[in-house]
Amino acid sequence: MATPFWLISFLLAMLWAQQDVCCSEEEVHSSPPVLHLKQQKDGTGRVKRAWVIPPISVSENHKRLPHVLVQIKSDKQQPGGVIYSIKGPGVDEDPKGVFSIDKRNGKVYLNTVLDREKNDRFRLRAFALDLSGVPLEDPTDLEILVMDQNDNRPLFRQAVFAGHVVEEAPPGTYVMTVEATDADDPETDNAALRYSILGPEMGDVFTIDELSGEIQTARAGFDREVIGIYNLTLQVADMSGEGLATTATAVIYVDDINDNPPEFTEKEFSMEAPENKQGVVIGRVLVQDKDLPGSPNWLAKFTILEGDPNGAFAIHTDPLTNDGVISLVKALNHEERDRFELLVSVQNQSPLELSAPKAARALTTVRVHVLDANEAPFFRENPWRGSVNEGAPPGTEITLYRASDPDTQQGQQLRYFQASDLASWLQVDPDSSLVQTRQTVPPRSTFPGGWYTLQILASDNGNPSLTATGTLSIEVLEVNDHAPLLLPVTSELCSQGGRLVLSATDDDLAPHAEPFHFRLSPDMAQNWTLGNINDTHALLQTEGEVDIGHHVLPLLISDSGTPPQVREQLLNVSVCACDKWGSCQAHVAAVVGAVAGLSFGALMIILSCTILLLLLALLVAALEHSRRQAFHKGLLGGSQDDLRDNIVNYNEQGGGEEDQDAYDLNQLRNPDLFPPTSLQSKPPHRRDAPYSYSLPQYPRRLPACPSDIEDFINEGLEAADSDPSVPPYDTALIYDYEGEGSAGGSLSSILSSLADEDQDYDYLSEWGPQFRRLAELYGQ
């Protein structure tokens, strides 16, 4: 059978598509493949005409453009009678303009460079129309395949790959897998990738599977302390390792294991610890560890094995430096123990590997010296409670309140002071701390609850000085120092069946007060009865008939103190006749009876007091009368040139300006107007004389013995100074009146003229303005 025409046309088109780019453009255009209609028979035996166009292949990156891909022809073609067209992606759909067709000859052209990685095939539809636009053939599909070229390098999925491997890992240990991709056709060698390690040259430490990219260890002996990080250069190439290639980096970290024990840097450490402090750091112990810093294989854990029986020290790890920090959790006492030797061990927080070497210095000794600090004194008994009796005399010792100084090796001295205002009846010795009374202890009732509280300070002489405060609570004890007192001491009582309730009080407090005990004098028991009602009251009753009048009953009242205080007190009872209501009918009779009942001595005392009061009243009246008479006398008269008016006395006792109007000087200037009888009788008082001065007796008696003349003169002088009726102190004094017509002259005039002439008074001018007037008078 003859070969069909359409099959021959298909084979020619395939052969043309397989030609390489080495074919000249003229050859291509001169012989494009031609596609004809195919005749097919349907089931009725009729022939059905249709286009059958096999796929057309074209290489990507073809650069000879425009390039004829295929020519379409119809069996019904008449010269100039068929119009060809194509539609689909690459023509009128995106990407547009890739393909085109010559509508007259049916040649299909490639207009742009193709990229298989973007579009690996195009499906077009071809049409054959007559000039009127009527289809000559049914439309058919035209498939164009883009052939791959090795135009893409393989790419690693990341530029740097990170992996980990532990120390001492055996050979063949999986580390990680690297991956790469290639955009070329995976069905071709263009995407056949191969992996390899380019470097560094380190003796084949790692290997990589060329197909899968899996990296494994090639040998043992990984030590992080020697090499902690490996940097590998990886390569991937297509075309089975012979084509395009790309590189990447693989960083492999060696993970640490605890294969190095921690060790102390020193065999011994020395430190100093303060006294009486806690929560303070006293020092550090240093360790070294080759493992990874900050990891559990590196962090140290310290333990105090010996030397701290009371748990006064603690040690913890500094996470930044891995040092052991030693601190105080309890206060240390230098006087009790001043040195410690601590045995400290160290290990890691994570267990040590069995293959790790043994630590050469896992133990160390820490020597701690406790410093001696000044400690405050203290009172062993604080607060102190004691007592003292009320009314205790000054100097009574209460207690020796001493403090103790814990600094026994420093030999300090303590002094004691009061912390607050101390009561005036107490004192504290600053050296011995003796607390004793300074005054008589006040009564217990003056203290709240009977207690007095004070604070004592004890201060040492250290640097700095420290002080302790002690509290003393002193109970003032009640003392039975008061006898009970009867109330009332005067009362009325009916003569028949009378009753009188007596009571008593006591300034003391319990148990030195009530109950009180009342007793009558034994000689009164026949007419009176006395019985206790309660602790503070008693009932007095008459026995039989008692005379109406005043009765004095001696009573003995005692308290319940130790020893008891007893007071004997007189009870004045007025017995009277009472009416039916129990009231006295004759109070006057009772009063008369009371007076009659008084003794003679009592009456004389009352009478004497009355007379004394009358005499005092008369004396006061007489003094008042004398003062009024002196007040009504005339004032000093005479010339303004009188010497007394021109002399001013400065700073002298008595006389001076204050005495100018204290006495009437007319008696001296005009003695004739005043008879002697007026001077010998009662002289007038000075106006400035106090009432308490008594008047001297005139004339005075002469001494009986001449040897008493000195006493006589002194007495006269004293009498003159104390006499309120004499002239002032700077005037002439009259001791006695000699009478008129005396043959003797005045004693003051003897040789007075001669003395005045010989005396020089000019020096008085130099004494100041106070004596200038006196110098002018006597210097003339």
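**An acidic patch and a lone disulfide**

Glu-710, Asp-711, Glu-715, Glu-718 and Asp-721 come together as a negative surface patch. The model is a predicted one, and the patch is a handy place to start looking around it. Take Glu-718, one of the patch members: this residue sits in helix 8, which runs over residues 709-722. With a relative accessible area of 54%, Glu-718 counts as exposed, because the cut-off for that label is over 50%.

Next come the cysteines. Searching the whole structure turns up one disulfide, and the partners are Cys-494 and Cys-578, with an S to S distance of 1.9 Å. The bridge ties together distant parts of the chain, as its two ends lie 84 residues apart. On one side, Cys-494 belongs to strand 37 (residues 490-494). On the other, Cys-578 is found in the loop that runs between strand 43 (566-576) and helix 3 (587-596). As for handedness, the torsion about the S-S bond of Cys-494 and Cys-578 comes out at about -100 degrees, so this disulfide is left-handed.

How buried or exposed are the two bridge partners, Cys-494 and Cys-578? Cys-494 has a relative accessible area of 15%, and since buried means under 20%, Cys-494 falls in the buried class. Cys-578 comes in at 22% relative accessibility, so it is classed as partly exposed. Another cysteine, Cys-609, is also worth a look: its relative accessible area is 44%, which makes Cys-609 partly exposed.

How values were computed
Residues numbered from 1 in each chain as written. Predicted model: local features only at pLDDT ≥ 70, side-chain atom pairs only at ≥ 80, totals over all residues. Heavy atoms only, no water. Disulfide = S-S within 2.5 Å. Helix = DSSP H or I, 4+ residues; strand = E, 2+ residues; numbered from the N terminus. Buried < 20%, exposed > 50% of the residue type's maximum accessible area, 1.4 Å probe, protein only. Patch = residues over 30% accessible without salt bridge, like charges linked within 9 Å, V, L, I, M, F, W, Y side chains within 5 Å. Areas by Shrake-Rupley, 256 points an atom, 1.4 Å probe, with all protein chains shown as cover. Salt bridge = Lys/Arg side-chain N within 4 Å of Asp/Glu carboxyl O. Lys, Arg positive; Asp, Glu negative; His and termini not counted. Charge placed at Lys NZ, Arg CZ, Asp CG, Glu CD.
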